[in-house]
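Me: Please take me through the ligand site and the enclosed space of this model.

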Amino acid sequence: MSDPELQQLATLLRWYEEVGVDASVVDEAGVWTRPKAAPPPAPAPASRPALPAADATALDAAALASEADTLEALRAVIDRFDGCALKVTATNLVFADGNPQARLMLVGEAPGAEEDRKGLPFVGRAGQLLDRMLAAIGLDRNTVYITNILNWRPPGNRTPNPSEITMCLPFVHRHIALVRPDVLVLLGGTSAKALLATNDGIMKLRGRWYDLAVPGLAAPLPTIATFHPAYLLRTPLAKRQSWKDLIAIAKRLEAPGDRRATPA
Ligand code: URA
């Protein structure tokens, strides 16, 4: 390889690093820069008023999500959705894990590297801690249902940006409405802020009960925010507060549930 080629390669690798490409998923590099066939002509503009791109995409996502009457249909709809650029860099769609009949549903932030590889949420180190936390109150993946705000891994595990959250939120709302849990747990600040529609941080939000109105559910859903297990791995002292939240969740589950009277 000549010097200029080596330099080009080094630049490309530096760029990969900057955008968070930290794993190789195929053995051979594709020629991503090869010109593609010209795209088909754009359809005539619809008469929708001009909206910020993320809001317009969220409207599309909401329309698609509302068509899904089952979890399988929702998964298929999300899989077909091209509005979120994360789909391009992700290896797998990470939809959910656990029991859709469970009374407890947990919503995290977004898949990490391990989740992206396996197509399942919370299977890395944070997920192992989550499993231990759930076990401490007698629960496991047969008795809970787990998903994330985003279904694709942000490159380099960066925090999801507001546009990504806005455009994917209709899917999360539909997901919750289809599962109809008795209790919802928001894991970490990103999930709590997105679903509680607030800018307050997790320190303020955690440990309190909220009545969350979810489109498609007849009654507000008892919801609590708590620390993300990845934060607990970095900040073991916070486990004390987290334990309090777990006790509160276990207590809440002692009350008989109504699985949200009206179906979504
Ligand atoms: N962190 C999350 O928020 N979700 C996962 O699935 C894994 C790590």
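Me: How far is an oxygen atom of the ligand from an N or O atom in the side chain of histidine 228?
Reply: The model is predicted, with pLDDT of at least 70 needed for local features and 80 or more for side-chain atom pairs, while totals for chains, interfaces and linings use all residues. Residues are numbered from 1 along each chain as its sequence is written, and side-chain values use heavy atoms, without hydrogens or water. The pair of histidine 228 and the ligand is a polar contact (N or O atoms within 3.5 Å). Its distance is 2.7 Å.

Me: How much of the ligand does the protein bury?
Reply: Taken alone, the ligand exposes 240 Å² (Shrake-Rupley, 1.4 Å probe). The protein buries 91%.

Me: Which residue places a backbone N or O atom 3.0 Å from a nitrogen atom of the ligand?
Reply: A polar backbone atom of glutamate 109 is 2.7 Å from an oxygen atom of the ligand. The contact at 3.0 Å, to a ligand nitrogen, belongs to alanine 110.

Me: How do the residues of the shell around the ligand divide by class?
Reply: The shell (a heavy atom within 4 Å) consists of Gly108, Glu109, Ala110, Pro111, Glu115, Pro121, Phe122, Asn148 and His228. Ala, Val, Leu, Ile, Met, Phe, Trp, Tyr, Cys and Pro count as nonpolar, Asp, Glu, Lys and Arg as charged, and the others, Gly among them, as polar. The division is 4 nonpolar, 3 polar and 2 charged.

Me: What is the volume of the second largest pocket?
Reply: The ligand sits there, with more than half of its atoms within 2 Å of the grid points. A pocket is an open set on a 1 Å grid over the protein atoms alone, with protein on both sides within 12 Å along at least five of seven lines; lining residues have an atom within 4 Å of a point. The lining has 11 nonpolar, 9 polar and 6 charged residues. The space filled by probe spheres set on the points is about 570 Å³.

Me: Which element gives the largest share of the lining of the largest cavity?
Reply: The structure holds 2 cavities (a 1.4 Å probe fits but cannot get out) of 30 Å³ or more. The largest has about 50 Å³ of space, and its lining divides into 10 nonpolar, 1 polar and no charged residues. Leu130, Met133 and Thr226 are among the lining residues. The largest share, 3 residues, comes from H6.

Notes
A polar contact is a pair of N or O atoms within 3.5 Å; within protein, one must be able to donate a hydrogen and the other to accept it, and residues adjacent in sequence count only if both atoms are side-chain atoms. Helices (H or I, at least four residues) and strands (E, at least two) are DSSP runs, numbered from the N terminus.
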